[in-house]
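Trainee: I would like to learn how to read a model of protein chains with DNA. Where should we begin?

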Protein chains: 2
Amino acid sequence: MKDGPDIARIAALIGDPARANMLTALMSGKALTATELAREAGVTAQTASSHIGKLQAGGLVAEQRQGRHKYVSLANDDVGRVLEALMGVAAGAGHLRTRTGPRDDALRHARVCYNHLAGHRGTQMYDGLVAGGHLVGETLSESGEALVRELGVDLEALRKGRAPLCRDCLDWSERRAHLAGSLGRALLTRFEALGWAACDPNSRAVRFSDKGAAAFDSLFAR
Amino acid sequence: MKDGPDIARIAALIGDPARANMLTALMSGKALTATELAREAGVTAQTASSHIGKLQAGGLVAEQRQGRHKYVSLANDDVGRVLEALMGVAAGAGHLRTRTGPRDDALRHARVCYNHLAGHRGTQMYDGLVAGGHLVGETLSESGEALVRELGVDLEALRKGRAPLCRDCLDWSERRAHLAGSLGRALLTRFEALGWAACDPNSRAVRFSDKGAAAFDSLFAR
DNA sequence: CAGATGCTTCGACTAAGGTCGAAGTATGAA
DNA sequence: TTCATACTTCGACCTTAGTCGAAGCATCTG
């Protein structure tokens, strides 16, 4: 009866509070140094080093060395997905009603999920793309290509990359799919460049400008 | 920077091998007794009892007592989602290439995900529903209602239930969304009743009959 | 070349928790 | 009632792993 891949190893890695804090911090999409992660996790540098080593060995994070700094980021979309899914359970079945503050509301409305847009705005975009016939399964239709080009996305460059263009990712607050993949990442970048949205440097929240919200609503009717 | 719900508690629960085996076994959708779970996990009854208690306290499983038996099942869709997502990471970043056998192929093609259809057949159905305009966001269109009624699903009964009708669930093998929710569950039940598909009693695999495969393909063109 | 900063390794301590034997409680069967 | 089965509780054992101090490299700065 025991079928499918071995999940205990991965879950145990995420199951330590210090490591979970690190991973949650990395969900902002930013690459953080080992010392920054230590501070996030509330442990000393030695302990953090050990944790980061385990996360790396487990394939959950990737490193990028720059001089004497070690920048750490999530390894791929899959990891982000797992973390989102876990947050869903933790928020729901979790500790008898997590009291939801204003900060929580901002996260539910729009946030960064590793490298793409999540929350209400994320699913709004996904649903809009699908309803408009721009996104069919995991491929972009002709109208979809036109739409994202219009927004200033360099599709050719994305197609050259090894990462898949469109992927689903499950939203913990909306419990619906939103768009991940290299296109999801590129779109969030464009929204920032266009001044439609800005990432809060201290959290995963994404704040939409009035202009951005209006443009967004007209593009992806809700 | 540490935002979002507390995921470590949940992940730690799944992180123990014995408990992970139990949860994986429960992904077949069947409710299992404590002794059966003990056997699945390869531990004694006492140990299993302790584990089940923790899973219950954590909100991951629900119990249903029947005489001297304690039937345990996954608490809800969210839990199934997390397990699927974890399998995705474990299969990918996981232990340097999990060798994929014939049994694995069957799982990838069609399997039970807690209570609904997953694998290639699962995403085929989801994509077919969306492409046909039957499913828009998380609501069923008029044509969608007609379609599922045609298949013999009692929509009124489902709507009376507290569980949401349509939900997304992320597929670990396809890395795409498939249909969960009470409708997802009902459809799988109907496919079995119609003789289109049968659940392997010893695994999560779902085997389609020739008739079923043909009907399925014509309904949800691929 | 110092001196400072960022990261890693080593070793020892400690706490947490998984494990099972033994015994206890509930339910069902004869 | 008596016995068997299913599950739970208790207690003891022991492995695992998270933690930090101390020291060691590596890299950048002055």
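Mentor: Begin with a cut-off: a residue is near a strand if one of its heavy atoms lies within 4 Å of it. Keep in mind that this is a predicted model.

Trainee: How many residues surround DNA strand D, and which are the closest?

Mentor: DNA strand D is surrounded by 21 residues, and the closest are A:Gln46, A:His51, A:Lys54, B:Thr35 and B:Arg68. Of the atoms of DNA strand D that come within 4 Å of the protein, 71% are accounted for by sugar and phosphate.

Trainee: Which part of DNA strand D does each polar side chain reach, starting with A:Gln46?

Mentor: A polar contact is a pair of N or O atoms within 3.5 Å. For A:Gln46, a polar side-chain atom lies 2.5 Å from a base nitrogen of DNA strand D. With A:His51 the partner is a phosphate oxygen of DNA strand D, and the distance is 2.6 Å. A:Lys54 likewise places a polar side-chain atom 2.6 Å from a phosphate oxygen of that strand.

Trainee: Which elements supply at least two residues each to the surface near DNA strand D?

Mentor: From chain A they are helix H2 (17-26) and helix H4 (45-57); from chain B they are helix H3 (34-41), helix H4 (45-57) and strand S3 (69-74). H4(A) gives the most, with four residues. By class, the surface near DNA strand D has four nonpolar, 10 polar and seven charged residues.

Trainee: Now the other DNA strand. Which residues come nearest to DNA strand C?

Mentor: Among the 21 residues around DNA strand C, the nearest are A:Thr35, A:Arg68, B:Gln46, B:His51 and B:Lys54. Sugar or phosphate supplies 72% of the atoms of DNA strand C within 4 Å of the protein, and bases supply the rest.

Trainee: What do the side chains of A:Ser49, A:Lys70 and B:Arg68 approach on DNA strand C?

Mentor: In A:Ser49, a side-chain N or O atom is 3.0 Å from a phosphate oxygen of DNA strand C. In A:Lys70, such an atom is 2.9 Å from a phosphate oxygen. B:Arg68 has a side-chain N or O atom 3.4 Å from a base oxygen of DNA strand C. The elements that give two or more residues to the surface near this strand are helix H3 (34-41), H4 and strand S3 (69-74) of chain A, with helix H2 (17-26) and H4 of chain B. H4(B) gives the most to that surface, with four residues. The residues near DNA strand C divide into four nonpolar, 10 polar and seven charged.

Trainee: How is chain B related to chain A?

Mentor: In general, two copies of a chain are related by a rotation about an axis and a shift along it. Here a turn of 180° and a shift of 0.0 Å along the axis lay chain B on chain A with an RMSD of 0.0 Å. That is the relation of a two-fold axis. Both copies use the same surface, as 100% of the contact residues of chain B recur in chain A.

Trainee: Next, the sheets. What is the strand order in chain B?

Mentor: Strands of a sheet pair through backbone hydrogen bonds, either parallel or antiparallel. In chain B, three strands form an open sheet in the order S1-S3-S2, with antiparallel pairing. S1 and S2 of chain B are the edge strands, each pairing on one side only.

Trainee: How many bridges join each of these edge strands to S3(B)?

Mentor: Two bridges join strand S1 (residues 32-33) of chain B to S3(B), and there B:Thr33 stands opposite B:Tyr71. Six bridges join strand S2 (residues 61-66) of chain B to S3(B), where B:Gln66 has B:His69 as its bridge partner. The hairpin of S2(B) and S3(B) has two residues between the strands, and B:Gly67 takes a positive phi near 60° in it.

Trainee: What is the strand order in chain A?

Mentor: Chain A has an open sheet of three strands in the order S1-S3-S2, paired antiparallel. Its edge strands are strand S1 (32-33) and strand S2 (61-66). S2(A) and S3(A) are joined by six bridges, and A:Val61 has A:Leu74 in S3(A) as its bridge partner.

Trainee: Lastly, which domains does the assignment give for chain A?

Mentor: The assignment gives domain 1 (8-75) and domain 2 (78-219). Their centres, taken over C-alpha atoms, are separated by 24 Å. In chain A, 11 residues of domain 1 are in contact with 13 residues of domain 2.

Terms used:
Residues numbered from 1 in each chain as written. Chains lettered and ligands numbered in written order. Predicted model: local features only at pLDDT ≥ 70, side-chain atom pairs only at ≥ 80, totals over all residues. Heavy atoms only, no water. Polar contact = N/O pair within 3.5 Å; in protein donor to acceptor, adjacent residues only side chain to side chain. Nonpolar A, V, L, I, M, F, W, Y, C, P; charged D, E, K, R; others polar. Pairing = 2+ DSSP bridges. Least-squares fit on C-alpha atoms with pLDDT ≥ 70 in both. Contact = heavy atoms within 4.5 Å. Domains from an automatic or database assignment.
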